[in-house]
Every structure is written in structure tokens, then in C-alpha cells.
Amino acid sequence: MTEPAAFDVALFGEAMLLLVADRPGPLEDAQAFHKRTAGAETNVAIGLSRLGLKVGWASRLGTDSMGRYLIAAMKGEGIDCSHVICDPAQRTGFQFKGRVTDGSDPPVEYHRKGSAASQMGPADVDEAWLRSARHLHATGVFAAISETSLQAALKSMEVMRAAGRTISFDTNLRPTLWPSTETMRHWINELASRADWVLPGIEEGLLLTGESTPEGVAHFYRQRGAKLVVVKLGAAGAYYDSDVAGIGRVDGFPVKEVIDTVGAGDGFAAGVVSALLEGKSVPEAVRRGAWIGARAVQVLGDTEGLPTRAQLEEAGL
């Protein structure tokens, strides 16, 4: 057997078919939908691949039309899908997303319970393949979809820590997937304590830590071992607390019109992670993340606003 290719970033997570309503209003009133890809980890994978990083994604899909569409889309983005299992006995998850006109979060309806990806467990973590990556990006979503996926998430982080690789973790809360807020808080903070770079949103951070400020949220995770914490502040930018760069703030980029807020945090993560892996400074990395996040909210889908390397260089980032 040949050795696995070396990756910049490895990710585990669920891809879902996304159906976006073609008009504002309640989902039940929509008559037509645009087909897209969705999934926190896959959004980040696409963002990183477009910036020229070598990305490997591990998951499970059904062999239904949705699964075939998703794996073709991921391969089309240049992502290695050799560790995606397509199981004819399982089904692919999907979601509906509404449209809003006031800049608020759009309504999202998930249909993922019992999906193929939720069947993933520790046995799906190929240690040799994973260690061939420089970095692991993890989120709170994969850990939330089932008890076995939580164990897979923990194992993937343990493998990379033991190998001396860096790990980033986006808290990415999905309260409806957890049995209780207390369980969610416990496991998300446990996963965060195993990461080098922690990327909570401000509202998530307040819920998870009980702190009342970005500074308090960042300090909470720094005390638990994170070398860098970046607290996303939406339009106000981000606050960071770092081993190497101290503390600071980066302003947000002005946005003419907010079309769709979903996917902005994933774009932010792709910007920060890619820049840090390229050796950029923490302020430069956070600035790149803020720029990509601002692009993401100005388009309809989760990934349509994610830039190419050429677009990034044109922006001087």
C-alpha cells in the first residue's frame, strides 16, 4: 500500500445537501430552492482548498443522489475524499434554509438525524492518514451529531496532539443536537481544551464560559491550554489573546448589505487557519479571517463568498 499523501489540513465532518429558498418568507411558502453544499467542516475545507492548501476530508455519505452530488462537489473543489465512505445502507443528511431581508440569521431546518455521517466512530479515524496532515481543524458540530461521532472527534484530537501537530477548534454550537445545555457546555469545553487555536463566537463564548466580555472568554480558554483564542465579534471584527502576539482587536470590514449570515464563521476560520499555517502573524491572520467572513455574508450560499488565492492576493491579504 502506498503512503498517504501529505496534507496541510485534515477535517472530519458531515456534508449535507443545502436547499436555499428562492424568496424571503416562511419556508413553507417557498416554491423553489437552489441546491448547494452545507456543513461546517466542509465549508472550511472548501475555503482552505480555494486558497491553495492541500485538504483531506473524512466522512460518510449515502449512495443516494444527495451523496453523489456532495462528493462530486467536494472533489471538484480539489479536496481529497479518499476517506469518505459511501454506504448504500445509509442516507445523506440535508437541510432547508430560508431567505431574510433584514440581515438576521435565516431560518434553517435540519434533516440529519440518523444520517450516514452520524454513524461515524473512532474506527473511522485512520491514524496514519490523519498524521500525514500538518494540522487538524475540528468543530463542535461533528462532535454533536452522535455519541460515536463525539468519540471520533476526541480520538482525532488525541492522535494529532500525540503527533505534535497543531489543532484548531471552532466551538460552532448546535444546541438542538445535544441532550442538554450542560452536556454541550461540558464536551465543547473539553474539546477546546485539546486545541491550540480556539475560535468561539462572542455569544457562544458567553454561554460556554459564563464570562461577560471577549477578554473573559479568551482568558477562560487560554487558562485551559489554548495558545491562541480568537473571539468573533460579528461586524465589530474580533478580539484575540495569544502566546506570541499578546492581546488585540481587529476591526471588521464594512459590508454594504447582509444577504446570508450562515457560513461567515466558517469563512473566518478558513482565513485564520490558512494564514497561520502560512506563517502570517496573529493580527494578519485575524484580519484575513474578518475579510473572508465579511465576503461570506454578502452572498446566498454557505461557500459562494469564499475567495480564491488570486482574489486574496488582489485584496493584499
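Good morning. I begin with a pair of helices: helix 1 passes helix 9 in a right-handed crossing. What I describe throughout is a predicted model.

Helix 1 covers residues 40-50 and helix 9 covers residues 264-277; their axes come within 8 Å and cross at roughly 45°. That angle makes helix 1 oblique to helix 9. Which residues in the two helices meet? From helix 1 they are Ala40, Asn43, Val44, Gly47 and Leu48, and from helix 9 they are Asp266, Ala269, Ala270, Val273 and Ser274. Sorted by class, this contact has 6 nonpolar, 3 polar and 1 charged residues.

I turn now to the sheets. Strands of a sheet pair through backbone hydrogen bonds, in either a parallel or an antiparallel arrangement.

One open sheet is built from 9 strands with mixed pairing, and their order is 5-4-1-8-9-10-11-12-13. Its edge strands are strand 5, residues 80-87, and strand 13, residues 246-250, each of which pairs on one side only. Within this sheet, how do strand 9 and strand 10 pair, parallel or antiparallel? Strand 9, residues 166-170, and strand 10, residues 197-198, pair in the parallel sense, over 2 bridges. As an example of a bridge, phenylalanine 169 has valine 198 in strand 10 as its partner.

There is also an open sheet of 4 strands, ordered 3-2-6-7, again with mixed pairing. Why is one side of strand 3 and of strand 7 left without a neighbour in the sheet? Strand 3 (33-38) and strand 7 (108-111) stand at the edges and each has a single partner strand, so one side of each has no neighbour there. From one strand to the next, the twist in this sheet averages 20°.

In the interior of that order, strand 2, residues 16-21, pairs with strand 6, residues 94-97, in the parallel sense over 4 bridges. Here leucine 17 has phenylalanine 94 in strand 6 as its bridge partner. Helix 2, residues 65-76, packs on this sheet and touches strand 2, strand 3 and strand 6. The direction of helix 2 makes about 60° with that of strand 3.

Finally, a word on confidence. The protein averages a pLDDT of 93, and 98% of the residues score at least 70. Over residues 1-5, however, the pLDDT is below 50, and this stretch has 5 contacts in the model beyond near neighbours in sequence. Where pLDDT is low, predicted coordinates should not be read in detail.

Thank you for your attention.

Key. Residues are numbered from 1 along each chain as its sequence is written. This is a predicted model: local features need pLDDT of at least 70, side-chain atom pairs count only at pLDDT 80 or more; totals for chains, interfaces and linings use all residues. Side-chain values use heavy atoms; hydrogens and water are left out. Axes are lines fitted to C-alpha atoms, for helices over the stretch in contact, and angles run from 0 to 180 degrees between N-to-C directions. Angles under 35 degrees count as roughly parallel, over 145 as roughly antiparallel, 65 to 115 as roughly perpendicular and the rest as oblique. A crossing is left-handed if the near helix is turned anticlockwise from the far one by less than a right angle, and right-handed if clockwise. Contact means heavy atoms within 4.5 Å. Ala, Val, Leu, Ile, Met, Phe, Trp, Tyr, Cys and Pro count as nonpolar, Asp, Glu, Lys and Arg as charged, and the others, Gly among them, as polar. pLDDT is the predictor's confidence in each residue, from 0 to 100. Two strands pair if DSSP finds at least two bridges between them.
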